[in-house]
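Work through the two exercises below. Keep the sequence and the structure in view.

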Amino acid sequence: MSDIDIIKKEIEEQILNADNLKALDDVRVNALGKKGRITELLKTLGSLPIEERIEFGKKINAVKAELELKLTSQKEVLETKQLNEKLKKEIIDVSLPCRPETQGRIHPVSKVYEEVVAIFAEMGFEVADGPEIEDQFHNFNALNTPPNHPARQMQDTFYVNNDVSKEFDMDSAYVVRTQTSSVQIRTMEKKQPPIRIIAPGRTYRSDYDATHTPMFHQVEGLVIDKKTTMADLKGCLYDFMKEFFEVDDLKVRFRPSYFPFTEPSAEMDIGCLKNKTELKIGAGTDWLEVLGCGMVHPNVLKACNIDPEEYQGFAFGVGLDRLAMLKYGIPDLRTFFESDVRWIKNYGFAPLDISSMTIGLSGNGGLTR
Ligand code: DAH
């Protein structure tokens with residue numbers, strides 16, 4: 001075997017033994033690179049006699065071409081091997097869920113808030129807002145609440161000293177609003193009738209037991225127009241309760257009541273079945289008080305510079321937390337605000353559970369808890 005055949009055989013072996021692309025490239029450089037063994041042989045051509053030069057030149061070039069071919073095919077083998085290894089390592093099971101199950105839950109109060117807004121939005125109401133730290137004019141005076149009214153007592157109302165440089169003065173002190181009714185006044189000061197708003201938000205009173213917490217939530221409603229009657233009030237609230245509790249033949253009744261800011265005033269009850277172990281809305285012969293309402297008192301309209309001879313309207317106030325307790329069977333209000341993860345996992349709602357009048361209020365697509 002000639003030298004060139006031995007070199008060729010050695011290089012061919014090296015090609016086959018190269019088990020990665022880097023090793024294969026080293027083989028190529030050592031054979032065909034500037035100082036490679038084949039290149040070095042080519043350089044010796046000049047020193048050979050002419051006849052041998054032609055013969056040897058042809059031979060070296062043939063060997064070179066053959067080695068190049070082998071290098072290319074081994075490169076393809078190694079590239080395929082490398083790709084397969086990569087694919088195996090980066091394997092993705094497309095049948096697995098793409099995200100872990102969501103951990104967070106929507107609080108029942110937020111859920112009920114969304115439901116109430118969805119129902120009234122459908123009836124053409126806007127959502128209005130007002131401050132939680134309020135002056136007594138908006139929280140009491142403009143709502144026709146006399147100076148000595150029991151609701152103003154410190155046992156019920158949290159007063160805020162708004163000027164710390166002075167002694168606390170009950171008459172000029174601010175309050176954390178005791179009712180969202182203050183938003184009625186704020187709205188009528190800003191806006192001319194017709195008015196159709198609801199005002200959901202936080203309210204505060206000095207009270208604490210299974211159905212009362214110092215902070216709780218209310219939704220206020222206010223409709224002012226030229227011809228608004230008690231019949232409109234009853235129809236609107238009946239529709240709301242039916243939609244909210246998702247009971248078609250819900251029984252309701254209105255009982256006479258008293259609120260300083262409405263005349264006449266009423267309380268609304270819904271029909272239910274009540275016994276020691278269960279509470280079922282819409283069934284049975286019992287009644288459950290759910291809301292206060294009435295025709296807006298002329299003094300309230302006057303306090304907002306609206307002429308009671310020309311305009312009239314109705315208002316209502318309902319406890320959001322109470323609605324949540326009744327609809328979702330939650331027995332103790334205090335647990336709403338204890339931030340217990342086990343509680344929210346039990347009573348909370350799936351984050352994508354949107355409340356809408358078209359896809360459903362509480363039971364859309366099986367996404368609810
Ligand atoms: N503000 C009353 C409360 O907190 C609820 C209420 C009753 C609001 C009658 C009203 C209404 O707008 O007309 O107890």
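## Exercise 1: Cysteines

Cysteine 236 is buried, at a relative accessible area of 9%. The model is a predicted one.

**Task.** Find how many disulfides the structure holds, and explain why cysteine 236 is or is not bonded to cysteine 293.

**Solution.**

Step 1. Take the cut-off: a disulfide needs two cysteine sulfur atoms within 2.5 Å.

Step 2. Start at cysteine 236. Its closest cysteine sulfur belongs to cysteine 293, 9.9 Å away, so the gap is too far for a bond.

Step 3. Go on to cysteine 304. Here the nearest cysteine sulfur, again that of cysteine 293, lies 19 Å away, and cysteine 304 is in no disulfide. Cysteine 304 is buried, with a relative accessible area of 5%.

Step 4. Give the count: zero disulfides.

## Exercise 2: A helix pair

**Task.** Describe how α5 and α8 cross: at what angle, and with which handedness?

**Solution.**

Step 1. Choose the descriptors. Two packed helices are described by the angle and the distance between their axes.

Step 2. Locate the helices. Helix α5 covers residues 108–122 and helix α8 covers residues 230–245.

Step 3. Read off the values. The two axes come within 10 Å and cross at roughly 135 degrees.

Step 4. Classify. Angles of 115 to 145 degrees count as oblique, so α5 and α8 are oblique to each other. Their crossing is right-handed.

Step 5. List the contact. From α5 come Val112, Glu115, Val116, Ile119 and Phe120; from α8 come Cys236, Phe240, Glu243 and Phe244.

Step 6. Sort by class. The contact has seven nonpolar residues, two charged ones and no polar ones.

Conventions
Residues are numbered from 1 along each chain as its sequence is written. This is a predicted model: local features need pLDDT of at least 70, side-chain atom pairs count only at pLDDT 80 or more; totals for chains, interfaces and linings use all residues. Side-chain values use heavy atoms; hydrogens and water are left out. Buried means under 20% relative accessible area, exposed over 50%, partly exposed in between (1.4 Å probe, protein chains only). Axes are lines fitted to C-alpha atoms, for helices over the stretch in contact, and angles run from 0 to 180 degrees between N-to-C directions. Helices (H or I, at least four residues) and strands (E, at least two) are DSSP runs, numbered from the N terminus. Angles under 35 degrees count as roughly parallel, over 145 as roughly antiparallel, 65 to 115 as roughly perpendicular and the rest as oblique. A crossing is left-handed if the near helix is turned anticlockwise from the far one by less than a right angle, and right-handed if clockwise. Contact means heavy atoms within 4.5 Å. Ala, Val, Leu, Ile, Met, Phe, Trp, Tyr, Cys and Pro count as nonpolar, Asp, Glu, Lys and Arg as charged, and the others, Gly among them, as polar.
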